[in-house]
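Open the model in your viewer and keep the sequence panel beside it. The stops below say what to select next and what is there.

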Amino acid sequence: NMAGTLNPEHRRMVSKIDSNSRNLAALINNVLDISRIEADQIVVELTTFAVEPLVREVLDELETVINASAVPVLSQVSDQLPAIRSDRQKVKQVLVNLLSNALKFTATGTIRIEATVAEERGSWRIAVHDTGIGIAAADRERVFEAFEQAGPAGTVSAGTGLGLAICRRLARLLGGDVSVDSTPGVGSTF
């Protein structure tokens with residue numbers, strides 16, 4: 001409105017332009033991320049941080065998308081968990097991608113974020129559970145390949161098919177992994 005008040009039709013068009021530019025920027029960033037990972041150009045910055053504030057930060061970042069969804073997002077992450085040593089920004093990026101996917105593919109039910117640590121081994125597990133469309137057994141590994149998507153026949157998501165590929169590659173770069181357990185029509189856990 002810097003040059004004057006926009007009428008509702010102009011405001012709608014500007015909103016579409018803004019949304020499309022954000023989607024294009026996200027696509028470019030995803031392509032750059034996958035290229036950096038494949039070229040071994042990613043720098044890992046290890047720090048020690050608490051997981052619960054990181055999950056709250058992710059929920060705050062996606063608040064608009066969560067509020068637009070009919071599906072509640074529950075956090076089952078205790079602030080009593082020990083700190084984790086990893087690259088905080090990369091762990092956050094993985095969690096944002098996983099939660100965004102859960103929101104995109106879940107129309108009813110709930111989405112739950114859970115974090116646990118096996119204290120005897122010190123291994124962490126951060127999981128995103130959803131009650132979405134699920135993934136067929138034949139597609140469970142394919143969804144981690146760049147530019148691949150899976151879903152019921154005839155459906156294509158608005159995504160690029162890079163999110164899960166980036167998640168898995170970043171997790172492996174950090175010494176972890178991303179896997180999926182899923183049942184079509186019931187939901188998925190990443």
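**The whole chain**

Begin with a cartoon view of this predicted model. The protein has 5 helices and 7 strands. Follow the chain from the N terminus and the elements come in the order α-β-α-α-β-β-α-β-β-α-β-β.

Now colour by burial. Of the 190 residues, 35% count as buried. The protein exposes about 11,200 Å², and carbon and sulfur atoms supply 53% of that area. Contacts can be viewed by their distance along the sequence too: among those with a separation of 6 or more, 68% are between residues 24 or more positions apart.

**Helix α2 and residue L59**

Select residues 51-61, which form helix α2, and pick out L59 within that helix. Is L59 buried or exposed? The relative accessible area of L59 is 18%, so L59 is buried; the cut-off for buried is under 20%.

Next, show what surrounds this side chain. Apart from neighbours within four places in sequence, L59 is in contact with I66, V73, S75, L99 and I113. For one of these, S75, a C-alpha to C-alpha distance can be drawn: L59 and S75 are 8.8 Å apart in space and 16 residues apart in sequence.

**From α2 to α4: a set of charged residues**

Stay with α2 and add E57 and K92 as sticks. The two form a salt bridge, with the closest N and O atoms 2.8 Å apart. E57 is in helix α2 and K92 is in helix α4, so the pair ties together parts that are 35 residues apart in sequence.

How do the two partners differ in accessibility? E57 has 30% relative accessibility and counts as partly exposed, whereas K92 has 9% and counts as buried.

Add E61 to the selection. The side chains of K92 and E61 also meet in a salt bridge, at 2.8 Å from N to O. K92 belongs to helix α4 and E61 to helix α2, so this pair ties together parts 31 residues apart in sequence. E61 is partly exposed, with a relative accessible area of 46%.

**R172 and D177**

Move along to R172 and D177. These residues form a salt bridge whose closest N and O atoms are 2.9 Å apart. R172 is partly exposed at 47% relative accessible area, and D177 is partly exposed at 46%. Elsewhere, salt bridges that share partners join E57, E61, R88 and K92 into one network. The count for the protein comes to 12 salt bridges.

**Helix α5**

Select residues 163-173, which make up helix α5. How many residues of this helix are buried? The number is 8 of the 11, so the helix is largely enclosed by the rest of the structure. The buried residues of α5 are G163, L164, A165, I166, C167, R168, L170 and A171. Just after α5, look at the backbone of G175, which takes a positive phi of about 90°.

**The second largest pocket**

Turn on a pocket display and find the second largest pocket, with a volume of about 640 Å³. The lining consists of 23 residues, and those nearest the centre are W124, R125, I126, G176 and D177. D177 is the salt-bridge partner of R172 seen earlier.

Which elements each supply at least two residues of the lining? They are β3 (84-86), α4 (88-105) and β5 (123-130). Colour β5 separately: this strand gives the most to the lining, with 5 residues.

**A nonpolar patch on the surface**

For the last stop, switch to a surface view and select V44, L46 and L173. Together these residues make a nonpolar surface patch of about 220 Å². L46 lies in the loop between α1 (8-38) and β1 (47-49). With 48% relative accessibility, L46 counts as partly exposed.

Methods:
Residues are numbered from 1 along each chain as its sequence is written. This is a predicted model: local features need pLDDT of at least 70, side-chain atom pairs count only at pLDDT 80 or more; totals for chains, interfaces and linings use all residues. Side-chain values use heavy atoms; hydrogens and water are left out. Patches are made of residues with over 30% relative accessible area and no salt bridge: like charges are joined within 9 Å, nonpolar side chains (Val, Leu, Ile, Met, Phe, Trp, Tyr) within 5 Å. Accessible areas come from the Shrake-Rupley method with a 1.4 Å probe; for residues, only the protein chains shown count as cover. A salt bridge is a side-chain nitrogen of Lys or Arg within 4 Å of a carboxyl oxygen of Asp or Glu. Helices (H or I, at least four residues) and strands (E, at least two) are DSSP runs, numbered from the N terminus. Buried means under 20% relative accessible area, exposed over 50%, partly exposed in between (1.4 Å probe, protein chains only). Contact means heavy atoms within 4.5 Å. On a 1 Å grid over the protein atoms alone, a cavity is a set of points where a 1.4 Å probe fits but cannot get out, and a pocket is an open set with protein on both sides within 12 Å along at least five of seven lines; lining residues have an atom within 4 Å of a point. Grid points are joined across faces, edges and corners, and a volume is the space filled by probe spheres set on the points.
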